[in-house]
Amino acid sequence: MWNVGFGKRHFLSYLFFFLLLIIIYSNSFHSSWHFDDYVNITKNSNIHIDQLNWGSLKNTIFGIVDNSRISRPIAFLSFALNYYLHGLNVYGYHVVNFLIHYLTTLFLFLFIYHTLNLPLLKERYEKHAYSIALLSTVFWSVNPVHVSAVTYIVQRMASMAALFYIMSMYFFLKFRTSGNRSRSLLFIVSSIVCALLAVGSKENAVMLPFIIFIYDLFFIQGLSNETLKRNLKIAVGPILIILLAGLLFYDFSSVVKDYEFRPFTMKERLLTEPRVVLFYITLLFYPITSRLTLIHDFQISKSLIDPWTTLAAILIIFLIIAVSLFKARKWPLIAYCILFFFLNHVIEGSLLSLELVYEHRNYLPSMHLFVPLAVAITKGLDYFVKQK
């Protein structure tokens, strides 16, 4: 039997997560359609199918009507299946969104737990691996910032991408630690399939290869001058291929053109996003009701000093990343969690002419952000217990 880690050992944890999350989200299952739900689902004839055949399903790969390019086919296929089963009754859509969040929570828990038990981390974290994995996953899964990613139906795109993203990472971890050749093959194939499904759900999942590269370097191989040089040489080829594919298949001129419909320029967006990302961090750790909303009215940065917090935000982020890289050998887990957050904000927090602020964009990047907090809490409690 191919064991992926869902055994009896953590059954109580799975049950605990389900009860915790169903208590939080069950009252949202009848919430109505909002904003982008209409153009993407209720008024989108591409997903209004009445038969399960290629003739009915083929248009779902193009997303919304009049879109000539393939657009998030996995997410739209899931909407089409929802429509086939119960039309526009919101209940079924919310149940699927909840199950996606629940499964993401389980895979996140397993991923963190098994990561802490890797040989390079085992000595430092094995004793508290279960507690850290459980606590950090709870902090992430119940965070109010993620409500829009779970209850705003169309944002299934973000949550589904995150589910396949963490599944891909988990199967990669199993591939790298499995001693069985046939299982290793199944794990790496599963990892690749999940990676493709993640990108097919939402484009920001394209950061996955870079994250896996860092993960393998930090936790499997170990950071050293030798492994760093070897991996940089290996990475040159794939990076060039990705860049070439982007140049050949992506219309970068459309990025500039799309700014014609925005009240800000590309320069202003690039200057504003560092402040937005720091704002996200404060929301995640201080998510009180008065600070949460679907649409934020955020001041646009006109220059490095207008407002003055623009330059300050850029310097703070630069300093955090620099310290993380500098201390990566000594604190690989902490450094990785920080880099994971910032790297997964790159796609939606840089050149693309998207709206400035949306809370659901934190769903994926914040997955490991609470691990350092959980480490500090468990180590602190352990210290005080020993003092008795």
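Two residues are in contact when heavy atoms of the two lie within 4.5 Å of each other. Under that criterion, of the contacts in this protein between residues at least 6 apart in sequence, 76% join residues at least 24 apart. The model on display is predicted.

**The whole chain**

Begin with the complete chain in cartoon view. The protein has 17 helices and zero strands. Its C-alpha trace extends about 60 × 55 × 45 Å along the principal axes. The radius of gyration is 21 Å, in agreement with the value near 21 Å for a compact globule, because that is what the rule gives for 388 residues. Next, switch on the surface: the accessible area amounts to about 19,700 Å², and carbon and sulfur atoms account for 68% of that area. Of the 388 residues, 46% count as buried.

**First stop: α4 against α9**

Select residues 73-86, helix α4, together with residues 156-177, helix α9. The axes of α4 and α9 lie 9 Å apart, and the two helices pack at an angle of about 115°. The crossing of α4 over α9 is right-handed. To see the contact itself, display the side chains of I74, A75, F76, S78, F79 and N82 on α4, and those of R156, M157, M160 and F164 on α9. Sorted by class, this contact comprises seven nonpolar, two polar and one charged residues.

**Second stop: α9 against α11**

Keep α9 in view and add residues 208-221, helix α11. Here the axes cross at roughly 35° and come within 11 Å. This crossing, too, is right-handed. On the α9 side, the residues to display are Y165, S168, M169, F172, L173 and R176; they meet L208, I211, I212, Y215, D216, I220 and Q221 of α11. The contact of α9 with α11 holds nine nonpolar, two polar and two charged residues.

**Third stop: K202 and R72**

Move to K202, in the loop that links α10 (181-201) and α11. Is K202 buried or exposed? With a relative accessible area of 4%, K202 is buried, because the cut-off for burial is under 20%. Apart from residues up to four places away in sequence, K202 touches R72, Q155, M157, A158, A161, E348 and H360. One of these partners, M157, also belongs to the contact between α4 and α9.

Now center on R72, another partner of K202. R72 sits in the loop between α3 (54-57) and α4. At 23% relative accessibility, R72 counts as partly exposed. The backbone here merits inspection: phi of R72 is near 45°, a positive value in a residue other than glycine.

A positive phi can also be inspected at F35, where the angle is near 40° and the residue is likewise not glycine. F35 is located in the loop between α1 (11-25) and α2 (36-42).

**Fourth stop: H146**

Select H146, in the loop between α7 (129-141) and α8 (147-151). H146 is buried, with a relative accessible area of 0%. Which residues is H146 in contact with, leaving aside its neighbours within four places in sequence? They are Y25, W140, L284, N362, Y363 and S366.

**Fifth stop: S301 and the cis peptide bond**

Proceed to S301, in the loop between α14 (266-285) and α15 (309-326). The relative accessible area of S301 is 0%, and the residue is buried. Not counting residues up to four places away in sequence, S301 touches E268, L271, T272, R275, D306, P307 and T310. Two of these partners, D306 and P307, are joined by a cis peptide bond, with omega about 0°. P307 is placed in the loop between α14 and α15. For a distance across the model, pick the C-alpha atoms of S301 and N231: they are separated by 38 Å, and the two residues are 70 apart along the chain.

**Last stop: A376**

Finish at A376 in helix α17, residues 371-386. A376 counts as partly exposed, at 47% relative accessibility. Add I132 to the selection: A376 and I132 are 244 residues apart in sequence, and their C-alpha atoms are 9.1 Å apart in space.

Terms used
Residues numbered from 1 in each chain as written. Predicted model: local features only at pLDDT ≥ 70, side-chain atom pairs only at ≥ 80, totals over all residues. Heavy atoms only, no water. Helix = DSSP H or I, 4+ residues; strand = E, 2+ residues; numbered from the N terminus. Buried < 20%, exposed > 50% of the residue type's maximum accessible area, 1.4 Å probe, protein only. Axes fitted to C-alpha atoms, helices over the stretch in contact; angles between N-to-C directions. Left-handed = near helix turned anticlockwise from the far one by under 90°. Nonpolar A, V, L, I, M, F, W, Y, C, P; charged D, E, K, R; others polar. Rg over C-alpha atoms; globule rule 2.2 N^0.38 Å. Areas by Shrake-Rupley, 256 points an atom, 1.4 Å probe, with all protein chains shown as cover.
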